[in-house]
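Me: I am new to this structure. Please take one part of it, look at it closely, and then connect it to the rest.

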Amino acid sequence: ATATESAHAALHARHLAVAPDWLATYYARPIELTHGEGRHVWDAEGTRYLDFFGGILTTMTAHALPEVTAAVTEQAGKILHSSTLYLSRQAVELAERIARLSGIPDARVFFTTSGTEANDTALLLATTYRRSNQVLALRNSYHGRSFTSIGITGNTAWSPTSLSPLQTLYVHGGVRSRGPYAHLTDAQFTAACVADLEDILGQANGTVAALIAEPVQGVGGFTSGPDGLLAAFKEVLDRHGILWITDEVQTGWGRTGDNFWGWQAHSGSGTPDILTFAKGVGNGMSMGGVVARAEVMNCLGANSISTFGGSPITTAAALANLGYLIDHDLQGNARRVGGLLKSRLTAITAGLGIVREVRGRGLMLGVELVEPGTDTPSAAAASAVLEAAREHGLLIGKGGLAGNVLRIAPPLSLTVAEAEEGAEALEAALKQAQAELEGGTAQ
Ligand code: PMP
């Protein structure tokens, strides 16, 4: 083995000895990323990859975006001290900007350091406002890894305990292409999900606080119900006074191309009461937050502070990042380049037996894999494609309840040439994985 290979093996062994067993990494030989630029990243062994997953894993606009680097460096030279006990000019500016963008009237904004913490806060607000710990969530959902957010995570692969301070009722609506309603038209599917919601509300134990939903399920494999489904839900929720929490941790900031927020594909009957965001907003700096109507946000009866929520450095990064996103119309870029990429992926996968479906919109595209020529989900295929794509210099993600969906979510500044380059690499990887699986050599 070369010196860099030995150094990598030693680091991996130390990681395995000290990290929890359940802290998953991608790849048989996990990648140690050392730097990035634009849509590319490099590992410690000097290999360059086109990054088709960084957009979900926090790099919203681009790696090492000079505007963000400058804002962070400048702020680090001034003050890093963080506490909501003091005023912060950039926290106020960022909150104002997000309040305006959110589409929620009379919006108040609270910053957190992660998506999990944002959803915990949303649940605290909703359960306090409604004086009930009963909540509705979608089957196959993922909302975080804290004790509370695990309690609304329907995707059991990521939900290690069934104990929860919440009483959660799961409804249909996140997964369109599988399950008992898969054969229905969009309108019939929507009607069936609304009937399911009404049915479970009939079985609820008194007051229900909120429905939380990802407009497109992220970890669940980039799957969603038809446009307008949540609007149809909203009519039922309104009748019961139940709040609507939209989890925009993956779908926010123009990622889906057509809309700035995922919920806007469902806006037929009003706006969400609470919106949560995180991941990409700080372009890698750990920042999340909650937007809520003032009446809901202000329902807490005690003081609170946050040490790191809205810190000078994360808010400086987020302001620079959001400014870049909007000035360069990266939502429009997601729509245009994502549209091209989706057509390319649909074309290259047409004859491949391991591909069941290409889905998604904007730069949030999923490729569902099955055992060749069957309808059976294949996690082995997804792992094989991930490894093969790496060999072709492409990083992608995976997800889905069965771990069989490839997730494609590049930084939103992806160029047409890079989309083309990535599609070619993915085509080669899919063919290689299919050959391995058909030859029975894949693990
Ligand atoms: N909600 C959604 C929809 C997510 O995808 C995630 C992260 N995968 C979270 C919440 C949790 O965010 P974090 O990892 O920042 O705690």
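Reply: The part chosen is the shell around the ligand, and helix H4 (residues 115–130) gives the largest share of this shell, three residues. The model is a predicted one. In total, 16 residues surround the ligand. The closest of them are Ser-114, Gly-115, Thr-116, Gly-218 and Val-249. Sorted by class, the shell holds nine polar residues, four nonpolar ones and three charged ones.

From the shell, the description moves to the sheets. One open sheet has seven strands in the order S4-S10-S9-S8-S7-S5-S6, and its pairing is mixed. At its edges are strand S4 (107–112) and strand S6 (167–171), each of which pairs on one side only. On average, neighbouring strands of this sheet are turned by 20° against each other, direction ignored.

The pairings can be followed one at a time. S4 and S10 run antiparallel and are joined by six bridges. Arg-108 has Ala-292 as its bridge partner in S10. Strand S9 (residues 274–277) also pairs with S10 in the antiparallel sense, over four bridges, and here Leu-275 stands opposite Val-291 in S10. Strand S10 (residues 288–293) has five of its six residues buried, so the rest of the structure largely encloses it. The parallel sense appears where strand S7 (residues 210–213) pairs with strand S8 (residues 243–247) over four bridges. In that pair, Ile-212 is opposite Ile-245 in S8. Strands of a sheet pair through backbone hydrogen bonds, whether parallel or antiparallel.

Next comes the nonpolar core. The largest one has 115 residues, and Ala-126 and Val-385 have the most contacts inside it. Helix H9 (residues 312–327) supplies nine residues, the largest share of this core. Both domain 1 (31–61 + 329–438) and domain 2 (66–327) give residues to the core, so it lies between them. In soluble globular proteins, nonpolar side chains tend to be buried together.

A residue in the loop between helix H8 (294–297) and H9 is Thr-307. Is Thr-307 buried or exposed? It counts as exposed because it has 10 C-beta neighbours inside 10 Å, and 12 or fewer is the limit for that class. Thr-307 and Ile-354 are 47 residues apart in sequence, and their C-alpha atoms are 48 Å apart in space.

Another sheet is open and has four strands in the order S1-S2-S3-S13, with mixed pairing. Strand S1 (33–37) and strand S13 (394–395) stand at its edges with a single partner strand each, so one side of each has no neighbour in the sheet. Strand S2 (residues 40–43) pairs with strand S3 (residues 48–51) in the antiparallel sense over three bridges, and His-40 is opposite Leu-50 in S3.

The last element is strand S15 (residues 405–408). From it, Val-405 and Arg-407 point one way, while Leu-406 and Ile-408 point the other way, and all are buried. Strand S12 (residues 364–369) runs antiparallel to S15, joined by four bridges, and Leu-365 has Ile-408 as its partner. Strand S14 (residues 397–399) also runs antiparallel to S15, with three bridges, and Lys-398 is the partner of Leu-406. S14 and S15 form a hairpin with five residues between the strands, in which Gly-400 takes a positive phi near 95°.

Note on methods:
Residues numbered from 1 in each chain as written. Predicted model: local features only at pLDDT ≥ 70, side-chain atom pairs only at ≥ 80, totals over all residues. Pairing = 2+ DSSP bridges. Helix = DSSP H or I, 4+ residues; strand = E, 2+ residues; numbered from the N terminus. Near = placed C-beta within 6 Å. Nonpolar A, V, L, I, M, F, W, Y, C, P; charged D, E, K, R; others polar. Axes fitted to C-alpha atoms, helices over the stretch in contact; angles between N-to-C directions. Core = buried A, V, L, I, M, F, W, Y, C linked by C-beta atoms within 7 Å. Buried ≥ 20, exposed ≤ 12 C-beta atoms within 10 Å, placed from the backbone. Domains from an automatic or database assignment.
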